[in-house]
Amino acid sequence: MKFLIIGLGNVGSEYENTRHNIGFSILDHLVSELSVSFVEEKYGYYASSRYKSRTLHFLKPSLFMNNSGKSVKFWKQKLKINFENLLVITDDLALDFSKTRLKARGSDGGHNGLKSINDYLHTSMYSRLRVGIGNDFKRGNQSNYVLEKFSDFEISEIKFIKQKCQKIVDCFVTQGINSAMNNFN
């Protein structure tokens, strides 16, 4: 059984440790825990590993958030991944900081990365793990907020978020989406 786990973010040092890049940060943690590393490939940074009799493929799209669907479509087709074995990890303004929500499908919720994926895949029938980044910004300042670096307090909590997401991904790949949602939502 094989899975494609995608973390959303923007490429470039200016985006490191920003709220919008929490998907990249979580993927970096997962890959590190499996003692593998990313390699730059077509449309993204790719890594793979065997885990509990499964093959896990990891992708950080390199086409910026608004065009990440092109990368996801390419790698999904290249690796021949079924929709039920696709998991996208992304930031979510609608959730309080550090809260997570796993869903089997859904709308883009105004998230440009998910919108791009929905457009390229012509469906929203794939799993997504949304990680709360809060919404402590003034009206009209959303773009600046998601591209800001995490606060010192948030940075101190990130390792716990990564550990929680690791448990969620483990459950997703070993027990399936329904079990993972029941255990973690």
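These numbered points walk through the fold of a predicted model, beginning with its sheet and ending with single residues.

1. The sheet. The model contains an open sheet built from 7 strands, which follow one another in the order β2-β3-β4-β1-β5-β7-β6, and the pairing within it is mixed. The edges are taken by β2 (residues 39-41) and β6 (residues 100-103), and because each of these has a single partner strand, one side of each is left without a neighbour in the sheet. If direction is ignored, neighbouring strands of this sheet are turned against each other by 25 degrees on average.

2. An antiparallel pair. Strand β3, which covers residues 44-51, pairs with strand β4, which covers residues 54-61, and the two are joined in the antiparallel sense over 8 bridges. To find this pair in the structure, one may start from R50, which stands opposite T55 in β4.

3. Strand β5 and its partners. On one side, β5 is joined to β1 by 4 bridges, with the two strands running parallel, and here I6 stands opposite V88 of β5. There is also a parallel pairing of β5 with β7, made through 6 bridges, in which D92 stands opposite G132 of β7.

4. How enclosed is β5? A residue counts as buried when its relative accessible area is under 20%, and by that cut-off 7 of the 7 residues of β5 are buried, so the strand is largely enclosed by the rest of the structure. The burial applies to both faces of the strand, since L86, V88, T90 and D92 point one way while L87, I89 and D91 point the other way, and all of them are buried.

5. Helices against the sheet. Helix α2, made of residues 68-79, packs on the sheet and touches β1 (residues 2-7), β2, β3, β4 and β5 (residues 86-92), while its direction makes about 155 degrees with that of β4. Helix α6, made of residues 177-184, lies across β6 and β7 (residues 127-132), and it runs at about 155 degrees to β6.

6. Residue S68. Is S68, a residue of helix α2, buried or exposed? With a relative accessible area of 1%, S68 is buried. Once its neighbours within four places in sequence are set aside, S68 is in contact with L8, P61, G113, S116 and I117.

7. Helix α3. In helix α3, which spans residues 112-121, the buried residues are G113, L114, S116, I117, N118 and L121, and what covers them includes α2, β5 and β7. Two of the names just given, S116 and I117, are also among the contacts of S68. Just after α3 comes H122, which takes a positive phi of about 60 degrees.

8. Helices α1 and α5. Two packed helices are described by the angle between their axes and the distance between the axes. For α1 (residues 22-33) and α5 (residues 152-175), the axes come within 10 Å and cross at roughly 70 degrees, which makes α1 roughly perpendicular to α5. This crossing is right-handed. On the α1 side the contact is made by I22, S25, I26, H29, L30 and E33, and on the α5 side by I158, K162, Q163, C165, Q166 and V169. Sorted by class, the residues of this contact divide into 6 nonpolar, 4 polar and 2 charged.

9. Helices α5 and α6. Helix α5 also packs with α6, at an angle of about 145 degrees and with the axes 7 Å apart, and this crossing too is right-handed. Helix α5 contributes K167, I168, C171, F172 and Q175 to the contact, whereas α6 contributes I177, S179, A180, N183 and F184. By class, the contact of α5 with α6 has 6 nonpolar, 3 polar and 1 charged residues.

10. Residue D28. Which residues does D28 touch, not counting those up to four places away in sequence? D28 lies in helix α1, and under that condition it touches F38 and K60. Although D28 and K60 are 32 residues apart in sequence, their C-alpha atoms are 9.0 Å apart in space. D28 is partly exposed, with a relative accessible area of 35%, whereas S68 in point 6 is buried, with a value of 1%.

Methods: Residues are numbered from 1 along each chain as its sequence is written. This is a predicted model: local features need pLDDT of at least 70, side-chain atom pairs count only at pLDDT 80 or more; totals for chains, interfaces and linings use all residues. Side-chain values use heavy atoms; hydrogens and water are left out. Two strands pair if DSSP finds at least two bridges between them. Axes are lines fitted to C-alpha atoms, for helices over the stretch in contact, and angles run from 0 to 180 degrees between N-to-C directions. Contact means heavy atoms within 4.5 Å. Buried means under 20% relative accessible area, exposed over 50%, partly exposed in between (1.4 Å probe, protein chains only). Angles under 35 degrees count as roughly parallel, over 145 as roughly antiparallel, 65 to 115 as roughly perpendicular and the rest as oblique. A crossing is left-handed if the near helix is turned anticlockwise from the far one by less than a right angle, and right-handed if clockwise. Ala, Val, Leu, Ile, Met, Phe, Trp, Tyr, Cys and Pro count as nonpolar, Asp, Glu, Lys and Arg as charged, and the others, Gly among them, as polar.
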